[in-house]
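Student: I've never looked at this one before. Could you show me how to read it, one feature at a time?

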Amino acid sequence: MSAEEPMFRVVRGVPTAEELAALVGAIVVRTRPVAAAAPPVVSRWARSARPVGATLAAGPGAWRASGLPR
């Protein structure tokens, strides 16, 4: 794309200044990077019930291994 070519063009009709502003605003919002969500806060009470050792992993034999002592 050269510097003279527009990024977008109106195919039909004549948009008003407000319609063009709304289009540009929608494009700007859509192209912004999304901020990563903060990890959920786990209470000390809920954390106390979790095993201290290694985390469980999905895969072959995981169901059987979940009942075995660590």
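**Reading the model**

Tutor: Let's begin with one residue. This is a predicted model, and in it L20 counts as partly exposed because its relative accessibility is 34%, while buried would mean under 20% and exposed over 50%.

Student: Where is L20 found?

Tutor: Look at helix α1, residues 17-31; L20 is found there. L20 also helps make a nonpolar surface patch, together with M7, F8, V10, L23, V24, I27 and V28. That patch covers about 690 Å².

Student: And how much accessible surface does the protein chain have?

Tutor: About 7,200 Å², with carbon and sulfur atoms accounting for 64% of that. As for burial, 0% of the chain's 70 residues count as buried.

Student: Which pattern does the protein chain follow along the sequence?

Tutor: Reading along, you get α-α-α. That fits the tally of three helices and zero strands.

Student: Where is confidence lowest, and where is it highest?

Tutor: First, the general idea: where pLDDT is low, the predicted coordinates should not be read in detail. Here, the lowest confidence falls in helix α2 (residues 44-48), with a mean of 76, and the highest in α1, at 87. Across the protein chain the average pLDDT is 78, and 77% of the residues score at least 70.

Conventions:
Residues are numbered from 1 along each chain as its sequence is written. This is a predicted model: local features need pLDDT of at least 70, side-chain atom pairs count only at pLDDT 80 or more; totals for chains, interfaces and linings use all residues. Side-chain values use heavy atoms; hydrogens and water are left out. Patches are made of residues with over 30% relative accessible area and no salt bridge: like charges are joined within 9 Å, nonpolar side chains (Val, Leu, Ile, Met, Phe, Trp, Tyr) within 5 Å. Accessible areas come from the Shrake-Rupley method with a 1.4 Å probe; for residues, only the protein chains shown count as cover. A salt bridge is a side-chain nitrogen of Lys or Arg within 4 Å of a carboxyl oxygen of Asp or Glu. Helices (H or I, at least four residues) and strands (E, at least two) are DSSP runs, numbered from the N terminus. Buried means under 20% relative accessible area, exposed over 50%, partly exposed in between (1.4 Å probe, protein chains only). pLDDT is the predictor's confidence in each residue, from 0 to 100.
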